[in-house]
Number of protein chains: 2
Amino acid sequence: MSEGVEWAVHCCVVLTSVAAPVPAARLAELHQVSPTYLAKQLQALARAGLVFSVQGKSGGYVLSRPPAEITLLDVVEAIDGPEPAFVCTEIRQRGPMATPAEYCTTPCPISRAMAASESARRDALRSVTIAGLAEQVEAGSGAGTLNGVAAWLGSTGT
Amino acid sequence: MSEGVEWAVHCCVVLTSVAAPVPAARLAELHQVSPTYLAKQLQALARAGLVFSVQGKSGGYVLSRPPAEITLLDVVEAIDGPEPAFVCTEIRQRGPMATPAEYCTTPCPISRAMAASESARRDALRSVTIAGLAEQVEAGSGAGTLNGVAAWLGSTGT
DNA sequence: CATACTCGGACATGTTTTATCCGAGTATAG
DNA sequence: CTATACTCGGATAAAACATGTCCGAGTATG
């Protein structure tokens, strides 16, 4: 899985507590990661419609929806792409012992099993929201943590 | 996910119906895939202990256990590696607003959610056995299909 | 004992991921 | 109204990984 997924999720979580747009460079500074590469991930989030990007002097990124309506699956698919990891190449229809086409109206058993596992993974990711993650962060690191981060994001110092 | 996973699973399924070792080249011919690259995947299966490799004139690969005791997860991990796709880099402990170490005794919420989704996927893959897949193939393509393939694998022609 | 056939690991190639840069556009300040 | 400074966005390199290939080590056969 892409490393950028982790960065993107962290960005979404901290963005839950801000109102004004936050520049990509500031988020990169907060997380100590490559500013230009993080910018790329945020662009992907914007393309997927999870965040709004506002340009100009005091621009940046803001969540486009309430955090409770953004799931972990949304973020993962925005970065890693929505295509399933396993793609059936219909091996059964190739070679000297190929299965006749009339027996291939349904996906092959292997493909079905892989699809089921992907579905399970997606369900698990879909059941977690950004709002839920933010809540757990507050529970684990003390109430007000995110507000402190938000204040730092809004300020100008380091 | 690696393309080789599909090849490896198909190989395991057809190997359920043979007793004598089958050379990698023959399996490649059956599936119309690159012989040398398939050999690589079979080596990985051997390293993982899922198949035995016998050398010499009439050598090849045989399943090392009853097909009912080989899960899809075993095969996937043998090829793609057992490491989880998501690795937490502890972003929360970096940067100017780093979470103090005393709050980091448990994995961060994001890491936990990712681990849960991976676990769901692994559970789904573990619930499917090679024997079960072989059964479904027979059910879908007609009883005796695998025996026919086994006969072809044992013969010398194309 | 010679031989032919097998696996096994070391060696190139192509594609995805990672990382970077500079131009297009906009709200702000004068 | 104009100039400016700051933002995003897509086009551009470098690195890592998956893909594909080759030849040598070893073993059952004849």
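For what follows, Ala, Val, Leu, Ile, Met, Phe, Trp, Tyr, Cys and Pro count as nonpolar, Asp, Glu, Lys and Arg as charged, and the others, Gly among them, as polar. With that convention, the residues of the surface near DNA strand D divide into eleven polar, six charged and five nonpolar. I should state at once that this is a predicted model.

Let me turn to the contacts with DNA strand D. There are 22 residues around the strand, and those that come nearest are A:Ser53, A:Gly56, B:Ser2, B:Ser34 and B:Tyr37. Which parts of the strand do the protein atoms meet? Of the atoms of DNA strand D within 4 Å of the protein, 70% belong to sugar or phosphate, while the rest belong to bases.

Two contacts involve phosphate oxygens. From chain A, Tyr61 places a polar side-chain atom 2.9 Å from a phosphate oxygen of DNA strand D. From chain B, Glu3 has a backbone N or O atom 3.2 Å from a phosphate oxygen of the strand. A base is also reached: an N or O atom in the side chain of A:Gln43 lies 3.2 Å from a base nitrogen of DNA strand D. The elements giving two or more residues to this surface are helix H3 (35-47) and strand E2 (60-63) of chain A, and helices H1 (3-15) and H3 (35-47) of chain B.

Finally, the two copies. A turn of 180 degrees, with a shift of 0.0 Å along the axis, lays chain B on chain A with an RMSD of 0.1 Å. The two chains are therefore related by a two-fold axis. In chain B, the C-alpha nearest that axis belongs to B:Arg121, at 2.5 Å. Both copies use the same surface, as 100% of the contact residues of chain B recur in chain A.

Notes:
Residues numbered from 1 in each chain as written. Chains lettered and ligands numbered in written order. Predicted model: local features only at pLDDT ≥ 70, side-chain atom pairs only at ≥ 80, totals over all residues. Heavy atoms only, no water. Near = heavy atom within 4 Å. Polar contact = N/O pair within 3.5 Å; in protein donor to acceptor, adjacent residues only side chain to side chain. Helix = DSSP H or I, 4+ residues; strand = E, 2+ residues; numbered from the N terminus. Least-squares fit on C-alpha atoms with pLDDT ≥ 70 in both. Contact = heavy atoms within 4.5 Å.
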